[in-house]
Amino acid sequence: MRTAYSVDTVRTAERALMARLPEGALMQRAAAGLAVVCAELLGKVYGARVVLLVGSGDNGGDALYAGARLARRGAGVTAVLLDSERVHRVGLAAFLSAGGRVAESGERALAGADLVVDGIVGIGGRGGLRAAALPVVRAALESRAVVVSVDLPSGVDADTGQVAGEAVRADVTVTFGVYKPGLLVDPGREYAGAVRLVDIGLELGRGEGDLEALQHGDVARLLPEPTGESDKYRRGVVGIVAGSARYPGAAVLAVAGALRGGAGAVRYVGPAAGAVVSRFPETLVSEGAPGKAGRVQAWVAGPGLGDDASGLADVLGAEEVPVLIDADGLRLADPEAVRGRAAPTLLTPHAGEAAALLGVAREEVEAERLAAVRELADRFSATVLLKGSTTLVAGGRGEGAGRLARVNSTGTAWLATAGSGDVLSGLCGSLLAAGLGALDAGSVGAYLHGLAARRVSGGAPVVAQDVAGGIAGAWGDVRHGL
């Protein structure tokens, strides 16, 4: 599990650690780790050309101390001071003593650099890059140098991942102690590049975290697995209310996701029965209301419904089983009925649907995804899976409630294709039916969904049915630690 912590939490842990260490020891630990990563990226340190973009405060100090270490190993290291009046004086003295030099012209210093260290703004920065930093940042990004950010790319908000204006787009970010939410959530994640974590001795517990990302081992422990005593009912039966005359494929894809996701059986209710059975003859088809369909352990409602809300009230009234609401169901469902449910409810909007539910512009949701998913979870007293380039899951009332949310690490831009969300709905529904809580079902479903897309795409375009077909392989990869 990767757990990310807010700036306030990190600062508190840093103060507690610094109180037990000699003055400057914590910065030296960070600088040592930063220098090691830079040396690995350079391959050959001696004779390499390194440029430090040095802001005020400790972030610039980390860069200067790391630059001093590289200079002592024979690199030609130049510092561009963006605020010479507020530079870290002790770090600058150490840098100069090691043979580093200060540039008179930042743009000229960057010409021919092999590696650029972004030490402009630390995790406390807000509001994007200042105008004075823009010329050298642009020059750095236009160069052929590898760009390494210190703790966080300058211009990215550490707590939210928001990017206000221009920011450094790093090839590698070396973060200290713990992950920060802005490194895991878009748009900030796109700017971070590959993230390397350097242990500096911070002591933080998972309960203090703001965001966590499941890894292979976490997902493997959560995946339901049939036993010798299992039958289709013990494995979980998913009821699916989806599709319409205009969108029969949504029903087919949701059923595909549920079956590939390990459901013991799928009961389908809706007008696309012919299309569903022709593709998946094992599906149990029911005419009439969902409540008459037979025993289920979870419901999925919404994909491709169009304007037909006739089955939603019946599904939302199924108090004893979890319900997942997606797509048209999000628009048609009665908010009070959603809030009033006793059993777990999982909502799965994309950014546009989330914006409509919140009454804000889509751009606002995309800029502050973490805030948006938490607001939706609170407003609807439900667990919410916000689909997108980084899928987020936040718990509402009950299991998973609170500030801690989850981010999926396996997503790919190739999932931005028609029908992939329908597959995800069925997949998550199968996990709900197998007994996973809403937070775990959403998190594990998103993880497998992204892994399946990566598995079948090979970097090429995919369609939703390919993603559904890749779920079994993704499941096996997780099981075997591949």
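**Exercise 1. Aromatic pairs**

Task: Find how many aromatic pairs the whole structure holds.

Solution. The model is predicted. Start from the criterion: ring centres of Phe, Tyr and Trp must lie within 6.5 Å to pair. A search of the whole structure with this criterion returns 0 aromatic pairs. No angle between planes needs to be classified, because a pair requires centres within 6.5 Å and the search gives 0.

**Exercise 2. Charges over rings**

Task: Which ring does the charged end of Arg 169 sit over, and which ring does that of Arg 339 sit over?

Solution. Step one: take Arg 169. Its charged end sits over the ring of Tyr 191, 4.1 Å from the centre. Step two: take Arg 339. Its charged end sits over the ring of Phe 380, at 5.6 Å from the centre. Step three: check the distance cut-off, which for CZ of Arg is within 6 Å of the ring centre. The values to test are 4.1 Å for Arg 169 and 5.6 Å for Arg 339.

**Exercise 3. A salt bridge between loops**

Task: Locate the partners of the salt bridge between Arg 20 and Glu 203, and state whether each is buried or exposed.

Solution. First, the contact: the closest N and O atoms of Arg 20 and Glu 203 are 3.6 Å apart. Next, the positions. Arg 20 lies in the loop between α1 (7-18) and α2 (25-42). Glu 203 lies in the loop between β8 (194-198) and β9 (211-213). The two residues are 183 residues apart, so this pair links distant parts of the chain. Last, the exposure. Exposed means over 50% relative accessible area. Arg 20 has 53%, so Arg 20 is exposed. Glu 203 has 61%, so Glu 203 is exposed.

**Exercise 4. Strand to helix**

Task: Describe the salt bridge of Arg 196 and Glu 40.

Solution. The N to O distance is 2.8 Å. Arg 196 sits in strand β8 and Glu 40 in helix α2, 156 residues apart. Now the accessible areas. Arg 196 is partly exposed at 34%. Glu 40 is partly exposed at 48%.

**Exercise 5. A buried pair and a network**

Task: Where do Asp 151 and Lys 180 lie, and are they buried or exposed?

Solution. Their side chains form a salt bridge, 2.9 Å from N to O. Asp 151 is in the loop between β6 (146-150) and β7 (172-176), and Lys 180 is in the loop between β7 and α7 (181-184), so the bridge ties together parts 29 residues apart in sequence. Both residues, Asp 151 and Lys 180, are buried. Elsewhere, salt bridges with shared partners join Arg 126, Asp 157 and Asp 159 into one network. The structure holds 20 salt bridges.

Technical notes: Residues are numbered from 1 along each chain as its sequence is written. This is a predicted model: local features need pLDDT of at least 70, side-chain atom pairs count only at pLDDT 80 or more; totals for chains, interfaces and linings use all residues. Side-chain values use heavy atoms; hydrogens and water are left out. Rings of Phe, Tyr and Trp (its six-membered ring) pair if their centres lie within 6.5 Å; planes under 30 degrees apart count as stacked, over 60 as edge-to-face and the rest as tilted. A charge sits over a ring if NZ of Lys or CZ of Arg is within 6 Å of the ring centre and within 35 degrees of the ring normal. A salt bridge is a side-chain nitrogen of Lys or Arg within 4 Å of a carboxyl oxygen of Asp or Glu. Helices (H or I, at least four residues) and strands (E, at least two) are DSSP runs, numbered from the N terminus. Buried means under 20% relative accessible area, exposed over 50%, partly exposed in between (1.4 Å probe, protein chains only).
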